[in-house]
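Open the model in your viewer and colour the chain from one end to the other. The stops below say what to select next and what is there.

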Amino acid sequence: MKRAVTLLTENFSDWETALVNSSLRVYYGCDVRFATPGGQPVTSSSGLMVTPHLALEDIELNGLDALIVSGGTIWRTEQAPNVAPIVAAARAHGAVVAGICDGTRALAQAGVLNEVRHTSNSADSLDLPGYAGTARYQDTPWAISDGGVITAPGTAPVSFMARILAALGLGGADLDAYLAQHAAEHREQA
């Protein structure tokens, strides 16, 4: 069974990782867990109150298939937790590492974006200590996957989900149909 942990912070953007976590848990039977700094409950930007399964400090890397960092307003403040050690360790351990919206800042600070193609909300949003991947940044409206690292702007939760599932070897016709359902919303209306 695949195991994924999503890092949540106070005021996390709940829509950004909802599709991937729901798909992993319900459709693919994966073990999906949520971690927060200190294991404390957090409230999303929409007011959803979440009691996590564990503290981010207690994430066990053995058997971890994916570490996902949700975006949110905290990543641009002094209150942002330092998750660079766990992100770098997960990457070194062979787990898929993914960040969406300002969650990509955590990947940048961990140095995991320095050698892979990646995206974010903007190139300027990654101007951080530990980041040396400017030449590999791509300004796209969809998620990018490169070598087990997935990044996306906050407006791309569907392609973010698809890239993570593909990196985990999940998908197929069911995923293709699910993506087509989401894409139908963006077709021109008569």
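## Whole chain

Trace the protein chain from the N terminus and the elements come in the order β-α-β-β-β-β-β-α-β-α-β-β-α-α. In total that is five helices and nine strands. The model is predicted. With a radius of gyration of 15 Å, close to the 16 Å that the globule rule gives for 190 residues, the protein chain is as compact as a globular protein of that length. Along the principal axes, the C-alpha atoms fill a box of roughly 50 × 35 × 35 Å.

Switch to a surface view. The protein chain exposes about 9,000 Å², of which carbon and sulfur atoms supply 50%. Buried residues account for 50% of the 190 residues. Of the contacts with a separation of 6 or more, 59% join residues 24 or more positions apart.

Now colour by charge. There are 11 positive and 19 negative side chains in the protein chain, and the centres of the two sets are 6 Å apart.

## The annotated span

Select residues 2–166. UniProt lists this span as "domain: DJ-1/PfpI", in an unreviewed entry. The span is 23% helix and 20% strand, and its end C-alpha atoms lie 13 Å apart.

## The start of the chain

Go to K2, in the segment before β1. K2 is partly exposed, at a relative accessible area of 32%. Leaving out residues up to four places away in sequence, K2 touches C30, D31, D65 and L168. One of these partners, D65, is 63 residues from K2 in sequence, yet the two C-alpha atoms are 6.0 Å apart.

## Two loops with positive phi

Next select N11, in the loop between β1 (3–7) and α1 (15–27). N11 is not a glycine, but its phi is positive, at about 65°. Its relative accessible area is 33%, which makes N11 partly exposed.

Move on to C101, which sits in the loop between β7 (96–100) and α3 (104–109). C101 is also not a glycine and has a positive phi, near 60°. Is C101 buried or exposed? At 12% relative accessibility, C101 counts as buried.

## Two buried loop residues

Select L56, in the loop between β5 (54–55) and β6. L56 has 9% relative accessibility and counts as buried. Apart from neighbours within four places in sequence, the contacts of L56 are L7, A35, T36, P37 and V83. Add I86 to the selection: I86 and L56 are 30 residues apart in sequence, and their C-alpha atoms are 7.9 Å apart.

Keep P37 on display and select P81, in the loop between β6 (66–69) and α2 (84–92). P81 is buried as well, with a relative accessible area of 17%. Which residues does P81 touch, not counting those up to four places away in sequence? They are T9, P37, I74 and W75. P37 is thus listed for P81 and also for L56. For a distance check, take A106: A106 is 25 residues from P81 in sequence and 9.0 Å from P81 in space, C-alpha to C-alpha.

## The C-terminal helices

Select helix α4, residues 157–167. Its buried residues are P157, S159, F160, M161, A162, I164 and L165. An α-helix has 3.6 residues a turn, so residues three or four places apart point the same way. Show what surrounds the helix: the buried residues of α4 pack against α1, β6, β7, β9 (149–152) and α5 (173–184). Just after α4, stop at G169, where phi is positive at about 80°.

The last stop is L175, in helix α5. With a relative accessible area of 8%, L175 is buried. Beyond its neighbours within four places in sequence, L175 is in contact with Y28, M161, A162, L165 and L170. Among these partners, M161, A162 and L165 are buried residues of α4. To finish, draw a line from L175 to E115: the two are 60 residues apart in sequence and 29 Å apart in space, C-alpha to C-alpha.

Terms used: Residues are numbered from 1 along each chain as its sequence is written. This is a predicted model: local features need pLDDT of at least 70, side-chain atom pairs count only at pLDDT 80 or more; totals for chains, interfaces and linings use all residues. Side-chain values use heavy atoms; hydrogens and water are left out. Helices (H or I, at least four residues) and strands (E, at least two) are DSSP runs, numbered from the N terminus. The radius of gyration is taken over C-alpha atoms; the globule rule is 2.2 Å times the number of residues to the power 0.38. Buried means under 20% relative accessible area, exposed over 50%, partly exposed in between (1.4 Å probe, protein chains only). Contact means heavy atoms within 4.5 Å. Accessible areas come from the Shrake-Rupley method with a 1.4 Å probe; for residues, only the protein chains shown count as cover. Lys and Arg count as positive and Asp and Glu as negative; His and the chain ends are not counted. The place of a charge is taken as NZ of Lys, CZ of Arg, CG of Asp or CD of Glu. UniProt positions are given in the numbering used here, feature names are shortened, and annotations may be inferred rather than shown by experiment.
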